[in-house]
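Please work through the exercises below with the sequence and the structure open beside you, and try each task before you read its solution.

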Amino acid sequence: MDNRPEFTKLVNLASHRLGAKAIFATDDFFADKQRLLDDAPAQWKEDVYDDNGKWMDGWESRRKREEGHDYCVVRLGLAGKIVGVDIDTSHFTGNYPPSASLEACYSPEGDPDSHQQWTEVLPSLSLDGDSHHFADISSPNVFTHVRFHIYPDGGVARLRVHGYPEIDWERVHPETELDLVAVENGGRALACNDQHFGHMSNLIMPGRGVNMGDGWETARRRVPGNDWVILSLGHAGTIDRIEIDTAHFKGNYPDSVSLQAATVSGGTDEQVATQSLFWRELLPSQKLSADNIHQFTDQLNALGAVSHVRVNIFPDGGISRVRLIGRKSG
């Protein structure tokens, strides 16, 4: 059972895939600071060592023999409002820090210098080994960087910084075409009936999928029905073109796809899933092919502005990306 907080469904602003980068660490002798931002779950490699000691999948500093503590500065991949964090110490047992805290700043013109003002968004939090530590963040501010403190030293596998990307929709012209569901435009994957092989959030990530694991793929269906996923647009808008990319899916792409859409306000993700059964048809069923970008324009029904879509695949399988090209409403 998934008991993770709701904020983990939001965008990880510190995702390496979105361009986040660890730009400074006081020390990363045992494990490189960049691994802290890896999107894949942390791995354990038995009996693997490098020149400095045991290879660990995360950021790990030396044992501190002087005053002070270690910290790492991260440039977020997307500027945004932080709602919660996951400090993951997976596989760190006798070498994790006893506690950690988090500061953030807004520095849109470049990386912060020594005069930068930082805001504490998470006071010191006690840590355990080989565990996820979820913490809510309450701040209305937009941030571009975070400074992650560990006390006094040790190793952390991953730092996830979940929140809402900051998009100034007032500056987007109503006639400008853009991907309304792209993660960089505030799109979110809300719910699906199955994601056995690939997570639904991959559908709205930048670029084409790099391999078959970089997409949404369901288990083989052995009962009647079909699989589905619900996506929330970053801003309600009119969809002019749909792209369904089956990159790398060759023997396991869906036979066909259709889309439903609606304007939704309020309610929970679970309620949205139930309501989606009755949404209007945006794209009637269309055949798919292997490892290909499928574009649909003339086939779309004119529904006007929508805020959510339900992507139905028949009967099962995997797709890499969904692009909803259109114009914002309002």
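The exercises that follow concern a predicted model, and they go from strand pairing to ring contacts and then to the nonpolar cores.

**Exercise 1. Find which strands pair with β6 (residues 70–88), and give one bridge for each pairing.**

Solution. Begin with β2 (residues 21–25), which is joined to β6 by four bridges and runs antiparallel to it; here Lys21 has Arg75 as its bridge partner. Next, take Arg75 again and look for its partner in β10, which is His145; β6 and β10 (residues 143–151) are antiparallel and are joined by seven bridges. Then move along β6 to Val85, whose bridge partner in β12 is Val161, within an antiparallel pairing of β6 and β12 (residues 158–165) that extends over eight bridges. Finally, consider Asp86, which has Phe134 in β9 as its bridge partner; five bridges join β6 to β9 (residues 132–136), and these strands also run antiparallel.

**Exercise 2. Decide how the aromatic pair of Phe24 and Tyr71 is classed, and whether each residue is buried, partly exposed or exposed.**

Solution. A pair of aromatic rings is described by the distance of the centres and the angle of the planes. For Phe24 and Tyr71 the centres are 5.8 Å apart and the planes make an angle of 50°. Planes under 30 degrees apart would count as stacked and those over 60 as edge-to-face, so the pair of Phe24 and Tyr71 is tilted. The pair links distant parts of the chain, since Phe24 lies in β2 and Tyr71 in β6, 47 residues apart. For the second part, Phe24 counts as partly exposed because its relative accessibility is 38%, and Tyr71 counts as partly exposed because its value is 24%.

**Exercise 3. Identify which charged end sits over the ring of Tyr71, and which sits over the ring of Trp44.**

Solution. Start with Tyr71, where the charged end of Arg147 sits over the ring, 5.7 Å from its centre. Turn then to Trp44, over whose ring the charged end of Lys54 sits, 4.2 Å from the centre.

**Exercise 4. Describe the largest nonpolar core, and follow the contacts of Leu259.**

Solution. The largest nonpolar core has 68 residues, and those with the most contacts inside it are Phe148, Ile242, Leu259 and Val309. Its largest share, seven residues, comes from β6. Apart from this core lies another of nine residues, among them Trp228, Val264, Ala273 and Trp279. As a last step, take Leu259 and leave aside residues up to four places away in sequence: Leu259 then touches residues including Ile242, Leu283, Val309 and Leu324.

Technical notes
Residues are numbered from 1 along each chain as its sequence is written. This is a predicted model: local features need pLDDT of at least 70, side-chain atom pairs count only at pLDDT 80 or more; totals for chains, interfaces and linings use all residues. Side-chain values use heavy atoms; hydrogens and water are left out. A nonpolar core is a set of buried Ala, Val, Leu, Ile, Met, Phe, Trp, Tyr and Cys residues joined through side-chain atoms within 4.5 Å. Buried means under 20% relative accessible area, exposed over 50%, partly exposed in between (1.4 Å probe, protein chains only). Helices (H or I, at least four residues) and strands (E, at least two) are DSSP runs, numbered from the N terminus. Contact means heavy atoms within 4.5 Å. Rings of Phe, Tyr and Trp (its six-membered ring) pair if their centres lie within 6.5 Å; planes under 30 degrees apart count as stacked, over 60 as edge-to-face and the rest as tilted. A charge sits over a ring if NZ of Lys or CZ of Arg is within 6 Å of the ring centre and within 35 degrees of the ring normal. Two strands pair if DSSP finds at least two bridges between them.
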